[in-house]
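Subject: Structure handover

Hello,

Here is the structure I promised to pass on. Please open it alongside this note, and read on for what turned up.

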Amino acid sequence: MANEKHGSLSISSENIFPVIKKWLYSDHDIFYRELISNGCDAITKLKKLDMVGEYSLPDDYEPKINVVLSAEDKTIKITDNGIGMTADEVEEYINQIAFSGATDFLEKYKDKADGEQIIGHFGLGFYSAFMVADEVHIDTLSFKDGAKAVHWECDGGTEYSISDSDKTEVGTTITLFLNEDCLEFSNEYRAREVIEKYCSFMPTPIFISKENNEPQYETIEKDELTDKDTVIETIVEEAKTEEKENEETGEKEIVEVSPKKEKYKILKRPVAINDTNPLWTKHPNDCTDEEYKSFYRKVFADYKEPLFWIHLNMDYPFNLKGILYFPKINTEYDSIEGTIKLYNNQVFIADNIKEVIPEFLMLLKGVIDCPDLPLNVSRSALQNDGFVKKISDYITKKVADKLSGLCKTDKENYEKYWDDISPFIKFGCLKDEKFCDKMNDYILFKNLDGKYLTLPEILVKDEEEKKAENEEIKNDSEGQKDERTPVYYVSDVEQQSQYINMFKENNMDAVILEHNIDSSFITQLERRNDKYKFVRIDADVTDVFTEESSEEELKDALETLSEMFKKATGKENLTVKVEKFKNDEVSSMITLSEDGIRMEQMMKMYAMSGMPMGDMGAPETLVLNVNNTLVKYLLENKDAEHGDMICNQLYDLARIANKPLSNEDMTAFIKRSNEIMKLLTK
């Protein structure tokens, strides 16, 4: 070639290419992202020059990046119509590894123009091409007046050649001659898959085509034709007529039902693979609900509508935009797999980067674009932990603001969402104290009537009841009782139905906490507030359920019944308690200490994770109602023929109302029930 020149790349070690190929990027397919990003930057630079008056874009200028594939030739060509390079700039930007043309350009024009962001900063992206190619060529023509086109090529060593090129359009074409291990990337379907992964929202239209592909056509209406279309053929559709009867005269006449039409067969218009203006770049006020839902379906391939979303839009003290969706779920929180896609200037970086996305929000789905992210040279990890922490804190704050605002201004919808979003919120409260502080008064608890109450609403109600109760019992000695307000809760609506009925009969309320996370959650709430305590509905028998009675009055009954039940059940350590229930239909019930309940729940969670925990049962107390006919019978007939059978039956009935029996105990219970029914027939 004429004016050919040879030289050596300006690098410090001959081992730089093996390092780039094996260590700089973890995924080989990322070369598409890097090279297309460079093309976007070249176009952005040209636009900026036009803005500052140093260049005039043609009236018909359309920024674009073309990716042309040839499986036969084993090549990929990536062409942009951006700023281009002169021979000197090729020497400076390409031959000096890690010299960033983007950084150089930004420094030069930092005071002259704002607007679109430049993606690259490190000057290494171009060399990702050598991860997949044995040889790389560049053909480029600078925008500058009188510039000559330049051809550069390198085979992956430290030697390169630079010469004249026959390129006639301003911009750059990079040609990759793929190595045998990477031929898949010249396949159209594979290329499309990778480019959609990394470049779906890049700011410049990206088109994919095959080299020497047969032309494709489409037919359009006349009013759809533009100056940019290449007309291959004009298609005339004659007017269509039908013979119809005139309603007034009854005579037959010819009526035109379709006028004469002209259609045009044109070269098929190329369709960009990417969306250059993704929804998160728009102002929330300019987005419709349908657009949010459509974007969600497109990005996450989830056709269940999200419950609601949060649009992040911040310019100071750092630039951050994004949309977080709360999906509708039907599974337990620990099996949810969300996806937060992280972008940098509309370039995909990674999913679920834990330094940026608070752990509890990784259960959601969404996108976050932060041009200010301090990325490392491969754009796959973060630097500057302090700055990243501020971004994470901001995201957490915005989510808390959205949720608390929703509760205050649209509580009806907030209640509808609650069962689905409560695992997110409770998990967030466990993981982030600031989030918990913000959400504390906006956490909902469903009561026995299905009504949703906030913690302040529950405490106000309980305080009123407590005040009324204290006025009735003025002689109680101070310091004898736990002054914290009890908040009763149900952990299994079906299993604890007997206790729920007793609460309802006595106009008492409780909240329903059936989720795996609830035990840890309420423990944390108690730890942060000494004004209330959570007590499971079966943890004790409250005074509301019983009639007034002296200890002396129940002492003999307790001794008798305790001895009878321990002997009948064979459980010497069985704890028995007697009470006078107002409801004489309740014969027996099991109560558990709240501490024991919490310990049991914690050990169950350990067991679910695969850790052997041995006996997980919380210490139980058998409470017997001396107002009940069967219990009275036992007291009056201590040596009754079937006394042991009745004791065991009452004990098992109490246990069944508390939790399922073991297989062995259930078999014995069924057998005993049959024997009791036989006695009734005699």
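Start with one pair of strands. Strand 15 covers residues 320-326, and strand 18 covers residues 365-369. The two run antiparallel and share five bridges. Tyr325 has Lys365 of strand 18 as its bridge partner. Leu324 stands opposite Gly366, also in strand 18. Please keep in mind that this is a predicted model.

**The sheet around that pair**

Both strands belong to an open sheet of five strands. The order is 14-15-18-16-17, and the pairing is mixed. Strand 14 (308-314) and strand 17 (347-351) are the edges, each pairing on one side only. From one strand to the next, the twist averages 15°.

Now take the neighbours. Strand 14 pairs with strand 15 in the antiparallel sense, over seven bridges. Met314 is bridged to Leu320 of strand 15. A hairpin of five residues links strand 14 to strand 15.

Strand 18 has another partner in strand 16, residues 339-344. Here the sense is parallel, again with five bridges. Thr339 sits opposite Lys365 of strand 18. Lys365 therefore turns up twice: it is the bridge partner of Tyr325, and it stands opposite Thr339, in a strand whose five residues are all buried.

**How covered are these strands?**

Is strand 18 enclosed or open to the outside? Five of its five residues are buried, so strand 18 is largely enclosed by the rest of the structure. The cover is on both faces. Lys365, Val367 and Asp369 lie on one side, Gly366 and Ile368 on the other, and all are buried.

Strand 15 is mostly covered too, with seven of its seven residues buried. One face carries Leu320, Gly322, Leu324 and Phe326. The other carries Lys321, Ile323 and Tyr325. Both faces of strand 15 are covered.

**Out on the surface**

There is a nonpolar patch to look at as well. Tyr217, Ile232 and Leu267 form it. Together they have about 250 Å² of accessible area. Tyr217 is part of strand 9, residues 217-221.

Is Tyr217 buried, partly exposed or exposed? Its relative accessibility is 39%. Buried means under 20% and exposed means over 50%. Tyr217 therefore counts as partly exposed.

**The whole chain**

Some overall figures to finish. The protein chain has 682 residues, and 47% of them are buried. It holds 17 helices and 26 strands. The accessible surface comes to about 36800 Å². Carbon and sulfur atoms account for 46% of that surface.

Contacts reach far along the sequence. Take those between residues at least 6 apart: 71% of them join residues at least 24 apart.

If you want a place to begin, select strand 15 and strand 18 and look at their five bridges. Then add strand 14 and strand 17, the edge strands of the sheet.

Best wishes

Notes
Residues numbered from 1 in each chain as written. Predicted model: local features only at pLDDT ≥ 70, side-chain atom pairs only at ≥ 80, totals over all residues. Heavy atoms only, no water. Pairing = 2+ DSSP bridges. Helix = DSSP H or I, 4+ residues; strand = E, 2+ residues; numbered from the N terminus. Axes fitted to C-alpha atoms, helices over the stretch in contact; angles between N-to-C directions. Buried < 20%, exposed > 50% of the residue type's maximum accessible area, 1.4 Å probe, protein only. Contact = heavy atoms within 4.5 Å. Areas by Shrake-Rupley, 256 points an atom, 1.4 Å probe, with all protein chains shown as cover. Patch = residues over 30% accessible without salt bridge, like charges linked within 9 Å, V, L, I, M, F, W, Y side chains within 5 Å. Salt bridge = Lys/Arg side-chain N within 4 Å of Asp/Glu carboxyl O.
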